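Student: Could you pick a single part of this protein and take a close look at it with me? I would love to follow how that part connects with what lies around it.

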Amino acid sequence: MTAGMDWHLARALLEWQVELGATEAIADAPIDRFTARADPTLAPPESSTTPTPTRAAPARTTLANGVDPVSAAEAMAAAAPDLPALAEAVAAYPHCDLRKGARNTVFSDGNPAARVMLIGEGPGREEDQRGLPFVGAAGQLLDRMFAAIGLSRTSPDTSSALYITNAVPWRPPGNREPTAEELAMLRPFLVRHVELADPAVIVLLGNTACQAILGRRGIMRLRGHWTDAIGRPCMPTLHPANLLRSPENKREVWSDLLEIKARLRKLS
Ligand code: URA
C-alpha cells in the first residue's frame, strides 16, 4: 500500500477500478497510458480501434493492420451454419476491444426455437460473471414482464418460449453504452443470429438494440409500433433497466406487451 493511504481508501480505489471494468492486475506497477501514447514502444496493439462514444452512424473503420472489422465479422458470421458455430465465431472474433475486458462471451439464453427473440443492450456485471444474458435485477424484471403474457425463457414449448440475446456479447467497461463502432462491427453476428434462430417476431429492448437493428434511436417514439427488420416484425419497447429507474413507464410497456401477445395470437 502506498505510504499515507489507509486501508479504507485503498479499498475504495480498488472498488472504483472494478466498477470501471478492471478485473485483473496484469502488472506490478501501473502504466501511465497518457505518457504511453507518446512512446511508440508502449503503443496499444495493432488490432485496437479507437472508438468514440458517438451516436451517429459510424464511418466504416479500417484498423491499423488494414483489416476492416465489419467485413471480417460478415465473413465469420456468414460461415457459421448453425447457432453453436455462430457462438464459437463470436467468441473467436478478435477485432472488438470489449472482448479484452470481459470475463465471458455472453451469447444467448432461452429456447432457440422460440417464436419470440428479445434483443437487449449488452451484459452487465452479473451477466459477465455468469456468461448469460439478463440474469441481474433487470433480467428478473424482464422475466416477470414476459411471464405476464405467458412467455418464459425456460419454456420447452416454442409457442410460450423466449430466446434472448444482446446487441453486444461482451460487457462494456463500467457498464457504458456500446459505441456506434462497436455496434457496427458486431451487427453482422447479430443479424446472422436472428437468421439462424428465425423467430417470428423480435422485441428490441431500448435504444441500443434499436440502433443496432434499425439504425435509429428515440425509444419513446419508436416503442409500440411494429417495424420490419431482418425479414420479420420488430417491436421496440423500453429496456427493463429503464423501468427500474422510472416505474411510471410500466404502463407503456404493458401496452407493448399486449400488442406482442395479440400478434402472436394471430400467428397461431
Ligand atoms: N441489460 C442488457 O441489456 N442485457 C443484459 O444481458 C443485462 C442487462
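Tutor: Let's start with Leu-257, which is buried, because its relative accessible area is 4% (buried means under 20%, exposed over 50%, partly exposed in between, with a 1.4 Å probe and protein chains only). What you see is a predicted model, in which local features need pLDDT of at least 70 and side-chain atom pairs pLDDT 80 or more, while totals for chains, interfaces and linings use all residues. Residues are numbered from 1 along each chain as its sequence is written, and side-chain values use heavy atoms, without hydrogens or water.

Leu-257 belongs to helix 12, which spans 250–267. Helices (H or I, at least four residues) and strands (E, at least two) are DSSP runs, numbered from the N terminus. What does Leu-257 touch, leaving aside its neighbours within four places in sequence? The partners are Met-145, Phe-146 and Ile-149, where contact means heavy atoms within 4.5 Å. Another residue to find is Met-235: it lies 22 residues from Leu-257 along the chain, and their C-alpha atoms are separated by 9.2 Å.

Two of those partners lead us to helix 7. Its buried residues are Ala-138, Gly-139, Leu-141, Leu-142, Met-145 and Phe-146. Why do they sit on the same side of helix 7? They cover an arc of only 160 degrees around the axis, which puts them there; the arc is taken from the directions from the helix axis to the C-beta atoms. A general point helps here: an α-helix has 3.6 residues a turn, so residues three or four places apart point the same way. And what do the buried residues of helix 7 pack against? The list is strand 2 (116–120), strand 3, strand 4 (201–205), helix 11 and helix 12, and that last one is where Leu-257 is found.

Now step to the loop between helix 6 and helix 7, where Phe-134 has its place. Phe-134 is buried, with a relative accessible area of 6%. Its backbone is worth a look as well: phi is positive, about 55 degrees, although Phe-134 is not a glycine. You can find a second case at Asp-198, again not a glycine and again with a positive phi of about 55 degrees. Asp-198 is placed in the loop between helix 8 and strand 4, and strand 4 is among the elements that the buried residues of helix 7 pack against.

Helix 7 also helps to line an open space. The second largest pocket holds about 640 Å³. On a 1 Å grid over the protein atoms alone, a pocket is an open set of points where a 1.4 Å probe fits, with protein on both sides within 12 Å along at least five of seven lines; lining residues have an atom within 4 Å of a point. Grid points are joined across faces, edges and corners, and the volume is the space filled by probe spheres set on them. The lining has 28 residues, and the closest to the centre of this pocket are Glu-121, Gly-122, His-239, Ala-241 and Arg-245. Which elements give two or more residues to this lining? They are helix 6 (125–130), helix 7 (137–147), helix 9 (207–214) and helix 11 (240–245). Helix 11 gives the largest share, four residues, and helix 11 is also among the elements packed against the buried residues of helix 7.

For comparison, try helix 3 (residues 69–78), whose buried residues are Pro-69, Val-70, Ala-72, Ala-73 and Ala-77. Seen down the axis of helix 3, they fall within an arc of 160 degrees, so they line one face of the helix. Ala-75 and Ala-78, on the other side of helix 3, are exposed. The cover over the buried residues of helix 3 includes helix 4 (83–92) and helix 8.

A strand residue makes a good last stop. Ala-229 is in strand 5 (residues 227–229) and is buried, with a relative accessible area of 10%. Not counting residues up to four places away in sequence, Ala-229 touches Ile-202, Ile-213, Leu-214 and Cys-234. Val-191 is 38 residues from Ala-229 along the chain, with 9.6 Å between their C-alpha atoms.

Finally, set these pieces in the whole chain. It has 12 helices and six strands, and 44% of its 268 residues count as buried.
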